[in-house]
Amino acid sequence: MDLREILSAVLPAERILTDEPMSAHTTFRAGGCADAFVTVQSEKELTRLLAAARAKYLPCVIVGRGSNLLVRDGGIRGLVICLEGMNELTLTEDGTGIRAGSGTSLAALAAFARDHALKGLAFAGGIPGTVGGGLVMNAGAFGGELKGVTESVRVMDGDGSVRVLSGEEMAFGYRDSIVKRRGGIITGAEFRLEKGDRDEIAAVMEELAEKRREKQPLNYPSAGSTWKRPEGYFAAKLIDEAGCRGMRVGDAQISEKHAGFLVNLGHATASDIQALMRQVEKRVLEHSGVQLTPEVVILGEDL
Ligand SMILES: Cc1cc2nc3c(=O)[nH]c(=O)nc-3n(C[C@H](O)[C@H](O)[C@H](O)COP(=O)(O)OP(=O)(O)OC[C@H]3O[C@@H](n4cnc5c(N)ncnc54)[C@H](O)[C@@H]3O)c2cc1C
């Protein structure tokens, strides 16, 4: 089956990459190749692509910025569909809401809200994902989460039909949503915000960015917090107390700066990262009796 031939009936050649290293599309900068990696720019294009994939029984995986993803070293069979091209941003008619395509970066969304003096998204300014990935994960920081500002979400099913779910129907939980549990492709969303003062919003965003720079190892590739926060605990504290800060497997390391971050010092493989994750989980369980659960989504095949 010639993947390029199938895909070029739907997409321009420059948006079709075959045998594409996922290390180039994940913030961990690790992982094997996708058989094909394509970028779509509209719901219409996505519908046609899904139909073409379905006709050939091609499995599909959706990604945003790969900032919460670990792709195993054997890569991903089938098609990886990146929605970063769906990145339109508009104000709603009443001026207090924003409609965003799912590939819009959360940074661009938060900056757009600030520039229109709309409050409620400052927390998202430093989260390096997209609207789609953020909604799947109910991304959050500094006391805010997308759940708190989501009016509605457009979700496409495998047959190309689109449903509009309310914020409530998204059934958001901690780093969780109905789309994460049941599947579907988020193509866009509407956020409900409040009128505020542009300069005040800008100041809050700058303060939060400074906190990140101070506390997080932003100079190394990572996927942010590797583990979820166990109820009643902080993952980083448990990891630190179990003596794992600085622990290494190959070039995968538990950050010296923030023990909740697993960083890639240069040439870590996905198997180094997974081996280190397992060692940390075992040590934390032995030390404190708490089982850590990965926040990072792990995809693909082992070598
Ligand atoms: C330095 C750093 C700091 C971070 N800080 C935070 C933080 O403060 N708070 C936080 O919550 N997260 C944080 N993260 C993690 C990450 O940025 C978020 O989880 C983000 O929302 C993931 O978005 P993404 O577009 O990169 O999704 P991806 O990593 O590409 O995908 C994540 C999951 O969502 C699925 N997915 C992606 N897009 C869609 C779509 N449109 N429809 C259906 N499924 C989809 C993927 O298949 C995958 O299962 C951080 C990461 C890094 C590297």
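**Ligand surroundings**

I started with the ligand and asked which residues come nearest to it. Of the 34 residues around the ligand, the nearest are Ile62, Gly64, Ser67, Thr130 and Gly140. I note here that this is a predicted model, so everything below is read from computed coordinates.

Next I looked up backbone atoms facing the ligand. Arginine 65 has a backbone N or O atom 3.0 Å from an oxygen atom of the ligand. Glycine 134 also puts a backbone N or O atom by a ligand oxygen, at 3.3 Å. For glycine 133 the ligand atom is a nitrogen, and it sits 3.4 Å from a polar backbone atom of that residue.

**Asparagine 138**

I moved on to asparagine 138, in the loop between helix H4 (131-137) and strand E9 (140-141). Buried or exposed, I wondered about asparagine 138? It is buried, with a relative accessible area of 0%. I then checked what its side chain touches. There is a polar contact of 3.2 Å between the side chains of asparagine 138 and glutamate 145. A polar atom of the asparagine 138 side chain also lies 2.8 Å from the backbone oxygen of glycine 173.

**Strand E18 and its partners**

I went through strand E18 (residues 261-264) residue by residue. Phe261 and Val263 point one way, Leu262 and Asn264 point the other way, and all are buried.

Which strands pair with E18? Strand E15 (residues 222-225) is joined to E18 by two bridges, and the pair runs antiparallel. In that pairing I found serine 222 with valine 263 of E18 as its bridge partner. Strand E17 (residues 252-254) is joined to E18 by three bridges, again antiparallel. Here isoleucine 254 stands opposite leucine 262. I also traced the connection between E17 and E18, which is a hairpin through six residues.

**Glycine 144**

I picked glycine 144, in strand E10 (residues 144-145), for a distance check against E18. Glycine 144 is partly exposed at 22% relative accessibility. Its C-alpha atom is 20 Å from that of phenylalanine 261, with the two positions 117 residues apart along the chain.

**Cysteines**

How many disulfides are there? I counted zero. A disulfide is a covalent bond between two cysteine sulfur atoms, so I wanted to see how far apart the sulfurs are. For cysteine 33 the closest cysteine sulfur belongs to cysteine 82, and at 16 Å that is too far for a bond, because the cut-off is 2.5 Å. Cysteine 60 is in no disulfide either: its nearest cysteine sulfur, again that of cysteine 82, is 13 Å away.

I looked up the accessibility of both as well. Cysteine 33 is partly exposed, with a relative accessible area of 31%. Cysteine 60 also counts as partly exposed, at 32%.

**Rings**

I searched the whole structure for aromatic pairs and got zero. I did find a charge over a ring: arginine 229 lies over the face of tyrosine 174, 4.8 Å from the ring centre.

**Positive phi**

I noted two residues other than glycine with a positive phi, aspartate 19 and arginine 29. Aspartate 19 has phi near 45° and belongs to strand E1 (residues 16-21). It counts as exposed, at 56% relative accessibility.

Arginine 29 has phi near 55°. Its place is the loop between E1 and strand E2 (33-39). At 46% relative accessibility, arginine 29 is partly exposed.

**Threonine 92**

My last stop was threonine 92, in the loop between strand E6 (89-91) and strand E7 (97-101). Why does threonine 92 count as buried? Its relative accessibility is 6%, and the cut-off for buried is under 20%. I also looked up a partner for its side chain. That partner is the side chain of aspartate 94, in a polar contact of 2.8 Å.

Conventions
Residues are numbered from 1 along each chain as its sequence is written. This is a predicted model: local features need pLDDT of at least 70, side-chain atom pairs count only at pLDDT 80 or more; totals for chains, interfaces and linings use all residues. Side-chain values use heavy atoms; hydrogens and water are left out. Buried means under 20% relative accessible area, exposed over 50%, partly exposed in between (1.4 Å probe, protein chains only). Helices (H or I, at least four residues) and strands (E, at least two) are DSSP runs, numbered from the N terminus. Two strands pair if DSSP finds at least two bridges between them. Rings of Phe, Tyr and Trp (its six-membered ring) pair if their centres lie within 6.5 Å; planes under 30 degrees apart count as stacked, over 60 as edge-to-face and the rest as tilted. A charge sits over a ring if NZ of Lys or CZ of Arg is within 6 Å of the ring centre and within 35 degrees of the ring normal. A residue is near a molecule or strand if one of its heavy atoms lies within 4 Å of it. A polar contact is a pair of N or O atoms within 3.5 Å; within protein, one must be able to donate a hydrogen and the other to accept it, and residues adjacent in sequence count only if both atoms are side-chain atoms.
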